[in-house]
Amino acid sequence: MPSARRMILGHVMSGLCSKMNRTKQLPADLMETPLNRCLNTFDITLLGIGHMVGAGIYVLTGTVAREMAGPGIVLSFILAGMVSMLAALCYAEFGTRVPKAGSAYVYTYVSIGEFWAFVIGWNIILEHMLGAASVARAWSGYVDSMLGNVVANTTMEITGEMHEKLLAKYPDFLAFGVCMSYAIALAAGVKATAMINSILTTVNVVVMSLVVVLGFWYATPANWSLPEQGFLPFGFGGVLAGAATCFYAFVGFDSIATSGEEAKNPNVSIPLATILSLCVVTIGYVLVSAALTLMIPYNEINPAAALPDAFGTRGIAWAKYAISTGAICGMTTTLLGSLFALPRCLYAMASDGLLFSCFGKVNTKTQVPLLNLAVSGLCSALLALLFDLEKLVEFMSIGTLLAYTIVSASVIVLRYRPISVEETVHLAPDTPGTDEEENASSSSQSSAVDPSSPTSEMIEIALAGRLRPQFRWLEPVLGRCEPGVACSGAVLLFCVLSVAVCFQLEVSWDEMYDGTWWALGLYGFLLFCLVACIVVISAHHQNTRGLQFKVPLVPYIPALSIFCNIELMVHLSFLTWLRFFIWLSIGMLVYFLYGIRNSKEGELGTSYSMLMSTQEAIRGWGATHSAGLSGGTRVTVTKIVKGRVSRKSVDKQAIIDDDDDDS
């Protein structure tokens, strides 16, 4: 009896693990969507710039310069921009692979599995809600400071102060109204949203250019070399702390990937818009922070309204109004970006069955998920009403960094994974199939192999995920692993070791600096293991077929992105992690009570649903034929590749004889 119980329990657990690890099967036509594909590269680029240039430049710059880095804020923005660029390159490659709404959630679902995809999607929801709420709070605070704090004083007179430490000092009804107003405006449709965003972003960029020009015109170089202060008054540690805070200013570029399902040509627009927007924003942040710290000494900066006060001290009163206009426009576009991305992430998860089906509906007239927009706008408004800016920004960073880490890992996993069965069918020109399959493969030039020279393409398919010839000495250790499994395991081990290294740097830095033997030995061992993981990954052949944009230097750049993101996550406070685990616990209830049972991938995976669907019943045995390709087709393609390679390299006469016989 106990053995029977163990067998039943083992069967249940194996079924649960298979459900949690199942990956999303992409449709044959990736461009088909109920959303409106109307955005060009210019629209998407301005959407990314608008999402990133907002509260960061008008609120964050003064705080970091005054309290963390001084003039070294220039280096802080450069470091934060470089770390963000590492993740942005990974997002750009995935944007060409999977042009679907959902951003990192969809990328994780395709590459790693359903459970981690839900975790990432659940945190993206939190990220965008907190992003919208924090910008609404900053918008309200900026306007209130221009009015002499009339709104705050009046509110506290009416409602009194909230004495709870976890909440803000007073409820911000202006921020609540701003969130709800812009959520209503977004219901007009994506094209109208893109037009409004383009106008406001253009105004914001013009104001930034004005700030840079006037700032350098009135610059005083001596402000970068104050007595006993210098360029780095808080040391290089202050630069790193500032970089961790400035990272918040770059979190908007993932809205570009979210718009992939509404882009006309996502293969070109997504990578180009991602790189362009991040470069423009990084240059803009560096120039504005340099102009600010050159105009006035860093210790005289007003963190609440740094730029207007800086120009006011220089006697340029008219510039204050222009800067205030740019600030309102910039924070508005950032708020629009968060409220734009959040409903589409809800839509992507609901379309896959992991969230409630009501969130998967799209309005036929506006082609916008209106219910998602209403719920996300209300939740963001409530957060803006009750929490202050500092708590919102700190809590938002953890979800963003986790998403960036998983996306970077997913790039490595997919690069070294053998080609899928669906692609294999299209890549075997000699494999017999139906007329429909032949017509489909001939019409799809992106997935079909050139019949005149198929050998190199098919060799790459067969070798994907296998050891390179120069690393055959690893065969006794990795030879029994299935193609791609060793690389996936090495990526997982690299992430775990990165956490250990970053945690040791945080806890035992003094012992390492003093040369304590155990600290140096442990650190050296962990670094050796990290390098070994990279060697194992790079020892295998990659699969780069069909990629319009490729991350350079894989696996080194994605691995560096993983390490940098984990390093920033380790520096977050314990209270932030506690809030994160509470939010994640709520998500686990949603997944295990609803998502795992209603997943569309679970429905597609059952043979009963494939046999009983009407479409497949009309085709006859179409479903079972395609399902049966899972093992046979892969073997067939491997045989074709081996046959072509051996015939080409060993027996050329046989090829000539075969051609003569055919003729």
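Which helix gives the most to the nonpolar patch? The legends below address this and other local features of the predicted model.

**Figure 1. Overall composition of the predicted model.** The protein contains 31 helices and 0 strands. Of its 663 residues, 50% count as buried. Among contacts in the protein with a separation of 6 or more, 84% are accounted for by residues 24 or more positions apart. The protein exposes about 30300 Å², and carbon and sulfur atoms supply 66% of that area.

**Figure 2. A nonpolar surface patch with residues from helices H4 and H10.** Leu-75, Ile-78, Met-82, Leu-232, Phe-236 and Leu-240 make a nonpolar surface patch of about 520 Å². Two or more residues of the patch come from each of helix H4 (73–97) and helix H10 (235–246). It is H4 that gives the most, with 3 residues. Leu-232 is placed in the loop between helix H9 (190–217) and H10. With a relative accessible area of 31%, Leu-232 is partly exposed, since the class of partly exposed residues lies between the 20% and 50% limits.

**Figure 3. Gly-237 in helix H10 and its spatial relation to Met-68.** Gly-237 belongs to helix H10. Its relative accessible area is 48%, and Gly-237 is therefore partly exposed. Although 169 residues separate Gly-237 and Met-68 in sequence, their C-alpha atoms are 8.9 Å apart in space.

**Figure 4. The aromatic cluster that includes Tyr-591 and Phe-592.** A search of the whole structure finds 20 aromatic pairs. In the pair formed by Tyr-591 and Phe-592, the ring centres are 5.0 Å apart and the planes meet at 75 degrees, so the arrangement is edge-to-face; planes over 60 degrees apart fall into this class. Tyr-591 is buried, at a relative accessible area of 0%, whereas Phe-592 is partly exposed at 33%. Both residues are members of one aromatic cluster, together with Phe-115, Trp-116, Phe-118, Trp-122 and Trp-583.

**Figure 5. Two arginine side chains positioned over aromatic rings.** Arg-137 lies over the face of Tyr-170, at 5.4 Å from the ring centre. Arg-344 lies over the face of Phe-340, with a distance of 3.9 Å from the ring centre.

**Figure 6. The buried helix H5 and the glycine that follows.** Helix H5 spans residues 104–111, and 8 of its 8 residues are buried, so this helix is largely enclosed by the rest of the structure. The buried residues are Ala-104, Tyr-105, Val-106, Tyr-107, Thr-108, Tyr-109, Val-110 and Ser-111. Just after H5, Gly-113 adopts a positive phi of about 160 degrees.

**Figure 7. Surroundings of Leu-354 in the loop between helices H14 and H15.** Leu-354 occupies the loop between helix H14 (317–351) and helix H15 (370–386). At 0% relative accessibility, Leu-354 counts as buried. When neighbours within four places in sequence are left aside, the contacts of Leu-354 include Tyr-105 and Tyr-109, both of which are buried residues of H5. Leu-354 is also in contact with Phe-118 and Tyr-591, which are members of the aromatic cluster. Further contacts of Leu-354 are Glu-114, Met-349, Val-590, Tyr-594, Gly-595 and Ser-599. The C-alpha atoms of Leu-354 and Arg-597 are separated by 8.4 Å, while the two residues are 243 residues apart along the chain.

**Figure 8. Contacts of the buried residue Asp-352.** Asp-352 lies in the loop between H14 and H15, which also holds Leu-354. Asp-352 has a relative accessible area of 7% and is buried. Residues up to four places away in sequence not being counted, Asp-352 touches Lys-24, Tyr-105, Tyr-109, Asn-598, Ser-599 and Lys-600. Of these, Tyr-105, Tyr-109 and Ser-599 also appear among the contacts of Leu-354.

**Figure 9. Backbone geometry in the loop between helices H23 and H24.** Most residues other than glycine have a negative phi, and most peptide bonds are trans. Leu-553, in the loop between H23 and H24, has a positive phi of about 55 degrees although it is not a glycine. Leu-553 is exposed, with a relative accessible area of 60%. A cis peptide bond joins Val-554 and Pro-555, with omega at about 10 degrees. Pro-555 lies in the loop between helix H23 (517–538) and helix H24 (556–570).

How values were computed: Residues are numbered from 1 along each chain as its sequence is written. This is a predicted model: local features need pLDDT of at least 70, side-chain atom pairs count only at pLDDT 80 or more; totals for chains, interfaces and linings use all residues. Side-chain values use heavy atoms; hydrogens and water are left out. Rings of Phe, Tyr and Trp (its six-membered ring) pair if their centres lie within 6.5 Å; planes under 30 degrees apart count as stacked, over 60 as edge-to-face and the rest as tilted. Buried means under 20% relative accessible area, exposed over 50%, partly exposed in between (1.4 Å probe, protein chains only). A charge sits over a ring if NZ of Lys or CZ of Arg is within 6 Å of the ring centre and within 35 degrees of the ring normal. Helices (H or I, at least four residues) and strands (E, at least two) are DSSP runs, numbered from the N terminus. Patches are made of residues with over 30% relative accessible area and no salt bridge: like charges are joined within 9 Å, nonpolar side chains (Val, Leu, Ile, Met, Phe, Trp, Tyr) within 5 Å. Accessible areas come from the Shrake-Rupley method with a 1.4 Å probe; for residues, only the protein chains shown count as cover. A salt bridge is a side-chain nitrogen of Lys or Arg within 4 Å of a carboxyl oxygen of Asp or Glu. Contact means heavy atoms within 4.5 Å.
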